[in-house]
Amino acid sequence: MNAKLPAGLLVTALLVTGVTGCGGSGGSGQSASGTPKVGLITKTETNPFFVKMKEGAQKAAQANGMELMSAAGKFDGDNAAQITAIENMVAAGVKGILITPSDTKAIVPAIKKARDAGVLVIALDTPTEPQEATDALFATDNLKAGELIGQYAKAAMAGKPAKIATLDLAPGITVGQLRHDGFLKGYGIQEGDPSIVCSQDTRGDQAKGQTAMENCLQKAPDINLVYTINEPAALGAYTALKAKGRDKEVLIVSVDGGCTGTKAVQSGQIAATSQQYPLKMAEDGVKAVAAFAKNGQKASGYTDTGVTLITDKSVTGVEAKDTAFGLANCWG
């Protein structure tokens with residue numbers, strides 16, 4: 001998951017992994033040694049979520065006798081770098097491309113060119129707009145992820161009137177909107193409900209999450225429930241709340257299930273999080289490309305790669321796992 005844009009970009013160099021380089025294959029979909037190739041394009045290389053995704057892709061490529069090419073943007077929202085990566089991978093003859101699109105609309109023409117060239121394109125984690133622009137989507141059900149923490153928050157508040165701050169991603173990013181909408185659905189309220197006293201965008205960044213929470217506390221000092229798009233934003237919110245001496249009074253819920261975030265649930269900084277599984281997304285995606293390379297079988301539609309509510313303070317009626325499970329399955 002993650003955020004959006006600047007402009008005037010330095011395009012990332014394509015990173016190549018595997019036994020052989022990518023030269024000399026033309027459009028064959030194979031390296032010089034005859035090994036079929038699969039491409040992975042993530043939003044960034046530094047986010048632990050995408051580091052784990054690349055790890056899963058490398059492991060699956062090796063297990064399925066494929067060579068992995070990988071590339072990423074310089075920053076979350078670097079659409080130009082993703083377009084260049086698609087073009088480079090198509091030229092290198094990959095059989096399939098796995099992509100977490102930074103700009104879900106602007107990337108569509110480049111994906112269409114790749115598909116027209118016979119390349120299988122699978123979105124991981126983030127659907128394109130429209131979703132049908134790729135052959136398939138392997139991702140968390142982000143609406144469900146939000147719904148789980150909304151249900152948890154409603155039960156944990158135990159009838160206490162809520163003063164809610166939503167620390168969101170950025171306008172127009174599907175993942176952020178789905179999680180936000182899911183939280184509202186799980187809590188049983190609609191957009192514009194008077195219990196939502198502040199909404200701020202954070203781009204999923206910890207420093208921006210802290211600033212957003214500070215702004216919300218100025219606007220509504222009696223906030224008692226905070227929804228955040230991800231755990232970095234949640235930890236930023238916690239820092240702001242602690243500085244005001246309110247960290248013990250405010251319930252924070254989030255989404256992602258990274259190791260840092262899961263430890264924050266264990267320590268009580270975050271009450272609960274919805275854990276997703278980037279390694280599985282990438283492994284399943286590579287397997288799908290391997291099947292396509294072998295027999296032309298095309299993956300299609302949406303594959304749900306799972307989500308689990310993680311908390312050590314379980315509530316009645318909401319299924320959850322504890323942080324021991326979360327730490328055994330986290331990333332980062």
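# Exercises on salt bridges, burial and backbone in a predicted model

The side chains of arginine 246 and glutamate 249 form a salt bridge, with N and O 2.9 Å apart. The structure is a predicted model, and the exercises below work through pairs like this one, then the whole chain and a few backbone details.

## Exercise 1. Burial of a charged pair

Task: classify glutamate 249 and arginine 246 as buried, partly exposed or exposed.

Solution.
- Step 1. The classes are buried under 20% relative accessible area, exposed over 50%, and partly exposed in between.
- Step 2. Glutamate 249 has 46%, so this residue is partly exposed.
- Step 3. Arginine 246 has 15%, so this residue is buried.

## Exercise 2. A salt bridge between separate elements

Task: find the partner of arginine 115 in a salt bridge with aspartate, and state which parts of the chain the pair ties together.

Solution.
- Step 1. The partner is aspartate 135, and the closest N and O atoms are 3.0 Å apart. This meets the salt-bridge cut-off of 4 Å.
- Step 2. Arginine 115 belongs to helix 3 (residues 108-116), while aspartate 135 sits in the loop between strand 5 (120-124) and strand 6 (136-139); the pair therefore ties together parts that are 20 residues apart in sequence.
- Step 3. Arginine 115 is partly exposed because its relative accessibility is 30%. Aspartate 135, at 12%, is buried.

## Exercise 3. A salt bridge inside one helix

Task: describe the pair formed by aspartate 284 and lysine 280, including the spacing along the helix.

Solution.
- Step 1. The closest N and O atoms of the two side chains are 3.1 Å apart, and the pair is a salt bridge.
- Step 2. Both residues lie in helix 9 (residues 278-295); they are 4 residues apart, so about one helical turn separates them.
- Step 3. Aspartate 284 has a relative accessible area of 15% and is buried, whereas lysine 280 has 39% and is partly exposed.
- Step 4. Shared partners also join salt bridges elsewhere: Arg115, Asp135 and Lys298 form one network.
- Step 5. A search of the whole structure gives 10 salt bridges.

## Exercise 4. The chain as a whole

Task: compare the radius of gyration with the value for a compact globule, then describe the extent, burial and contacts of the protein.

Solution.
- Step 1. For 332 residues, a compact globule would have a radius of gyration near 20 Å; the protein has 20 Å, so the two agree.
- Step 2. Along the principal axes, the C-alpha atoms fill a box of roughly 65 × 40 × 30 Å.
- Step 3. The protein contains 10 helices and 13 strands.
- Step 4. Of the 332 residues, 56% are buried.
- Step 5. Among contacts with a separation of 6 or more, 75% join residues 24 or more positions apart.
- Step 6. About 13400 Å² is exposed, and carbon and sulfur atoms supply 51% of that area.
- Step 7. There are 32 positive and 32 negative side chains, and the centres of the two sets lie 2 Å apart.

## Exercise 5. Backbone details in loops

Task: locate the cis peptide bond from glutamate 129, and place two residues, aspartate 125 and arginine 203, that have positive phi.

Solution.
- Step 1. The cis bond runs from glutamate 129 to proline 130, with omega near 5°. Proline 130 is in the loop between strand 5 and strand 6.
- Step 2. Aspartate 125 has phi near 70° and lies in the loop between strand 5 and strand 6. With 0% relative accessibility, aspartate 125 is buried.
- Step 3. Arginine 203 has phi near 55° and lies in the loop between strand 8 (196-201) and helix 6 (206-219). At 34%, arginine 203 is partly exposed.

## Exercise 6. Two loop positions

Task: give the setting of glycine 65 and of glutamate 319, with a C-alpha distance for each.

Solution.
- Step 1. Glycine 65 lies in the loop between helix 1 (48-63) and strand 3 (67-72), and is partly exposed at 44%.
- Step 2. Leaving out residues up to four places away in sequence, glycine 65 touches Thr35 and Pro36.
- Step 3. Glycine 65 and glycine 296 are 231 residues apart in sequence, with 16 Å between their C-alpha atoms.
- Step 4. Glutamate 319 is in the loop between strand 13 (308-310) and helix 10 (323-328). Its relative accessibility is 72%, so glutamate 319 is exposed.
- Step 5. The C-alpha atoms of glutamate 319 and cysteine 198 are 28 Å apart, with the two residues 121 residues apart along the chain.

Note on methods:
Residues numbered from 1 in each chain as written. Predicted model: local features only at pLDDT ≥ 70, side-chain atom pairs only at ≥ 80, totals over all residues. Heavy atoms only, no water. Rg over C-alpha atoms; globule rule 2.2 N^0.38 Å. Buried < 20%, exposed > 50% of the residue type's maximum accessible area, 1.4 Å probe, protein only. Contact = heavy atoms within 4.5 Å. Areas by Shrake-Rupley, 256 points an atom, 1.4 Å probe, with all protein chains shown as cover. Lys, Arg positive; Asp, Glu negative; His and termini not counted. Charge placed at Lys NZ, Arg CZ, Asp CG, Glu CD.
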